[in-house]
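Got your viewer open? Load the model, switch to a cartoon view, and let's take a walk through it.

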Amino acid sequence: MSDTQVAGGVVHDLPTDLREALAGNDVALAAWQDITPLARNEFICWVEDAKQTKTRERRIRRTQEELEEGMRRPCCWPGCAHRERTGKA
């Protein structure tokens, strides 16, 4: 396990498996640290919303890939249902 500090989201805590994946990928981690807490929250919620282990693992990989590609929010995700419409947690 890495001791790298990885910022979390607004509503959701950063899960260990996602933190470890980001800490092991310098490009994705730099992009992660550059996006807003609300944007990080969207990725976290997307990963946490997976019902199956395979889906969760795939979403963690996609999070890394999308961050590497410069995306600032998960593709094809309607957004975190756990925050208010105003954008506030």
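Here is what to select, stop by stop.

**Stop 1: the whole chain.** Keep in mind that this is a predicted model. Colour by secondary structure and you'll find four helices and zero strands, so to speak an α-α-α-α run from the N terminus on. Now show the surface: the protein chain exposes about 5500 Å², with carbon and sulfur atoms supplying 46% of it. Of the 89 residues, 42% are buried.

**Stop 2: the core.** Hide the surface and select Val-6, Leu-18, Leu-22, Trp-32 and Leu-67. These have the most contacts inside the largest nonpolar core, which has 21 residues. Two or more core residues come from each of α1 (16-23), α2 (26-34), α3 (37-48) and α4 (53-68). The biggest giver is α3, with six residues. In soluble globular proteins, nonpolar side chains tend to be buried together.

**Stop 3: Leu-67.** What does Leu-67 touch, leaving aside its neighbours within four places in sequence? Select Leu-22, Ala-28, Ala-31, Trp-32, Ile-35 and Phe-43: Leu-67 is in contact with each of them.

**Stop 4: α3 against α4.** Show just these two helices. Their axes come within 8 Å and cross at roughly 155°. Angles over 145 degrees count as roughly antiparallel, and α3 and α4 therefore fit that description. To see the contact, pick Phe-43, Trp-46, Val-47 and Glu-48 on α3. Then, on α4, add Arg-56, Arg-59, Ile-60, Arg-62, Thr-63, Glu-66 and Leu-67. Colour them by class and you get five nonpolar, one polar and five charged residues.

Terms used. Residues are numbered from 1 along each chain as its sequence is written. This is a predicted model: local features need pLDDT of at least 70, side-chain atom pairs count only at pLDDT 80 or more; totals for chains, interfaces and linings use all residues. Side-chain values use heavy atoms; hydrogens and water are left out. Buried means under 20% relative accessible area, exposed over 50%, partly exposed in between (1.4 Å probe, protein chains only). Accessible areas come from the Shrake-Rupley method with a 1.4 Å probe; for residues, only the protein chains shown count as cover. A nonpolar core is a set of buried Ala, Val, Leu, Ile, Met, Phe, Trp, Tyr and Cys residues joined through side-chain atoms within 4.5 Å. Contact means heavy atoms within 4.5 Å. Axes are lines fitted to C-alpha atoms, for helices over the stretch in contact, and angles run from 0 to 180 degrees between N-to-C directions. Angles under 35 degrees count as roughly parallel, over 145 as roughly antiparallel, 65 to 115 as roughly perpendicular and the rest as oblique. Ala, Val, Leu, Ile, Met, Phe, Trp, Tyr, Cys and Pro count as nonpolar, Asp, Glu, Lys and Arg as charged, and the others, Gly among them, as polar.
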